[in-house]
Amino acid sequence: MSTPAPGRSSSLARRTAWLAVAALALVFLAVSLTQISAADIWWQLATGRYVLEHGFPRVDVFSSTATGHEWIEMRWLFCVVIYLLWQLGGGGALLIILQSALLATVLILLFARSRPSLLTLPGLITAALGLGTFYIRFSIRPELVSYLFSALFLFILDGATRPGGTTRSRKALWALPFLQIIWVNAHTVFIFGPILAWAFAGGDTLHRLARRRGLLTHTAGSHKPQALIDAPLICTALAVTLACLVNPYFIKGALFPFLLFTETMSREVSTVITELNSTLSWPGWPPDKIISLLFVAWSAIVLVAGTFRLNLTRLGLWLAFAYLFYIAIRNSGPFSIIAMWTTIRTIDDLRATGFRGSVRMPVSSEHCLPPRSQFFSRLAPIMNLALAILFFFTAWFAATNRYANTYLMPRRLGLGVLPMAVPAEAAAFLRAHKPLGPIYNSMDAGSYLAFAAPDLYKVWVDGRIEVYGSKLLLDLVLPPENWDKYADAHGLNTILLQTEVQSTVVLPIFENPKWALVHLDAMWMIFVRRIPEHQALIAQYAIDPLEPWTPRTPEPDQQPPRWARALGAVGFCWHDFGLATTFLNLGAVENARRSLEHAVQEFPDHSPVTLLLAQVERALGHDSRAAELERPFHLSASEREWARGTVEDIRTMLAFRARQSQASTAAASDTELAAKADAAFAQGAYSAALILYTDLVRTRQRDPAVWTRLAECYEHLNRTGDAQAARRMVEKLSSPNSQPPSGAPTTPAPK
């Protein structure tokens, strides 16, 4: 058997590794070039506009509830930039391109000096798991600035302290204080800059002390390795720290990250903002959670494998940012950056020593490798090719919206704004008809209104947690025990509800006779108070969702654009599904069924919609139809439990509506009876009126007016004793201490 030519397997492995990297780049594009769905972008655009028109904010100007509260806006520079890009046009397309470009730069900086390691199987696994954890935070937010500058700081600090560092890399240290000035005026967690600078300075000093004692001899840096400290590095860290003072708010601005951490990390706030919950509290086991935990485990394993080349800076940063990721899901971005960097740099060290300590692995010839290493070397192309196929499939699965549809995620490939993520129709209705304020709204709606309708309302609440403070924020966001009392106490006249997020408060407001529903779409509802100023609006636009639904505007196209369909992209029946959910929350089960039937007709393969329709049919008693809909799907135990709960909820709502209908019918009959009695009395038919009033008083035992009419009938019929008895009942009911009559009304039978 002939022996492969030296380097043939290595060359093939390199080619297949580059193929895997290219496939991973496609995954990156599929998850970064996505439509805008983050709600906070709107108040940030409003902030950028405000800064350009009025200067730096000092006190809140957006809300009616936190007016006058101190507003320290450390994101002002980012807000101005995105507002200017928005003004250039494109409906947010430029913002998405900016997002993708910044994130690509972050990844390039992290792997720029470790390209050979990236082309190994451990390097590809690191990049894949890191991207799978990182992408959760791919959104046009100010934290993009922190991602970029964290990667820049790591690139510059690592280049200045690694063995073999060049003079040019040392000079780059002096750019860090100037970068920090930009950072401090663009995002609230600019504190990562000083943390990274001091971590490298402290780690370098500890390494120097350890070398003097004969420990960690492998850590010798390029700058005066025999000195006790690296003075330029420490001066850089000090300058970076002082640069935090260069902001419009000076010391208050420099200390702002501590205030924000205190406000956002309270347990109460995490109940209303899910991304502030611990990573381990992530409900269920979606792929995102599994990938994140795998990445934590993988990066930890690599660090442990590299303990013979222990680097205290990397270890300290990994532990610190792993803790941040543990306490809040939103910290997955910073952790991903640190973990990818620490892991790939440790792989660099492992490759340099051949996993055997300080002996360098030969790289010029395969024949120098032991048999076991030759086996893995020849296996590398196959494994790389397998990874490339997996990455290509992942890119296609994400780009065609199949992943988002499976897990009902608001993430779609494309440029612009995701329609389901903004209350555009509701805001247009408010602008057109201008119902009176104050307005009550969710955080997401408040963020949008602050930008889209700034002259119409002061918002109730938006996403600026630090402006409201945790105590006020919870009062504004959590549903009160008594909505009627709450609305009256705050003088609310208009309510904009986010159906899915505020589902528990939809029905109480809808059932309250003081409020009228005037707008309903797939995601949002508007109620206005029944006051004279709203009389014309209610008369024209009042909605009874229990009646057959007729949309006021053409239904949106739920299919992806033509260019996306050419790639195999699938649509999502977000409009039909949202309407069905809204109708179910209101108890309008028949309208919900019609919306779901339309959705299933247009998207027959979308299982969540089909399964929901099946539960509606089962609740209505159509078991055979429900079984037919469920037949193509194999329900898991959790799905079966969800189905049972959903059926019970719908049946409870149907029973509630049936009781309401009976009460309404009884009330209508009572009203009709009173009208007939009054008509007979007016015509002088006192005997007929007496019979009708006697029947009426059985249901209106505490109504003095009915007893008065009854007494008058007796008087006209010369039944004085009965008339006196009826008058005494009127006096009793009219007295302040009157008690409800016990038992049946004691009225004489008509003669």
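Ser332 is buried, with a relative accessible area of 0%, where buried stands for under 20% relative accessible area, exposed for over 50% and partly exposed for values in between (1.4 Å probe, protein chains only). The residue belongs to helix α17 (residues 332–353); helices (H or I, at least four residues) and strands (E, at least two) are DSSP runs numbered from the N terminus. With residues up to four places away in sequence not counted, Ser332 touches Thr133, Ile136, Arg137 and Phe325, a contact being heavy atoms within 4.5 Å. The model is predicted: local features need pLDDT of at least 70, side-chain atom pairs count only at pLDDT 80 or more, and totals for chains, interfaces and linings use all residues. Residues are numbered from 1 along each chain as its sequence is written, and side-chain values use heavy atoms, with hydrogens and water left out.

Helix α17 also contributes to the largest cavity. A cavity is defined on a 1 Å grid over the protein atoms alone as a set of points where a 1.4 Å probe fits but cannot get out, and lining residues have an atom within 4 Å of a point. Grid points are joined across faces, edges and corners, and a volume is the space filled by probe spheres set on the points. The structure holds four cavities of 30 Å³ or more, and the largest has a volume of about 80 Å³. Its lining consists of Leu109, Leu110, Arg113, Ser114, Ala151, Leu154, Phe155, Asp158, Arg162, Trp341 and Arg345. Two or more residues of this lining come from each of α4 (93–111), α7 (143–161) and α17. The largest share, four residues, is given by α7.

An open sheet is formed by four strands in the order β1-β2-β4-β3, with mixed pairing; two strands pair if DSSP finds at least two bridges between them. At the edges are β1 (439–441) and β3, each of which pairs on one side only. On average, neighbouring strands of this sheet are turned by 20 degrees against each other, direction ignored. Axes are lines fitted to C-alpha atoms, for helices over the stretch in contact, and angles run from 0 to 180 degrees between N-to-C directions. Helix α21 (residues 443–452) lies across β1, β2 and β4 and runs at about 125 degrees to β1.

Within the sheet, strand β4 (residues 524–529) is largely enclosed by the rest of the structure, because six of its six residues are buried. Trp524, Ile526 and Val528 are buried on one side, and Met525, Phe527 and Arg529 on the other. Strand β2 (residues 494–498) pairs with β4 in the antiparallel sense over five bridges; Thr494 stands opposite Val528, and Ile495 opposite Phe527. Strand β3 (residues 515–520) is likewise antiparallel to β4 and joined to it by five bridges, with Leu517 opposite Phe527. A hairpin of three residues connects β3 to β4.

Helix α29 (residues 607–619) has 13 residues and an expected span of 18 Å at 1.5 Å a residue, which agrees with the 18 Å between its end C-alpha atoms. The expected span is 1.5 Å times one less than the number of residues. Because 11 of the 13 residues are buried, α29 is largely enclosed by the rest of the structure. The buried residues include Pro608, Val609, Thr610, Gln615 and Glu617. Just after α29, Gly621 takes a positive phi of about 90 degrees.

Notes. On a 1 Å grid over the protein atoms alone, a cavity is a set of points where a 1.4 Å probe fits but cannot get out, and a pocket is an open set with protein on both sides within 12 Å along at least five of seven lines; lining residues have an atom within 4 Å of a point.
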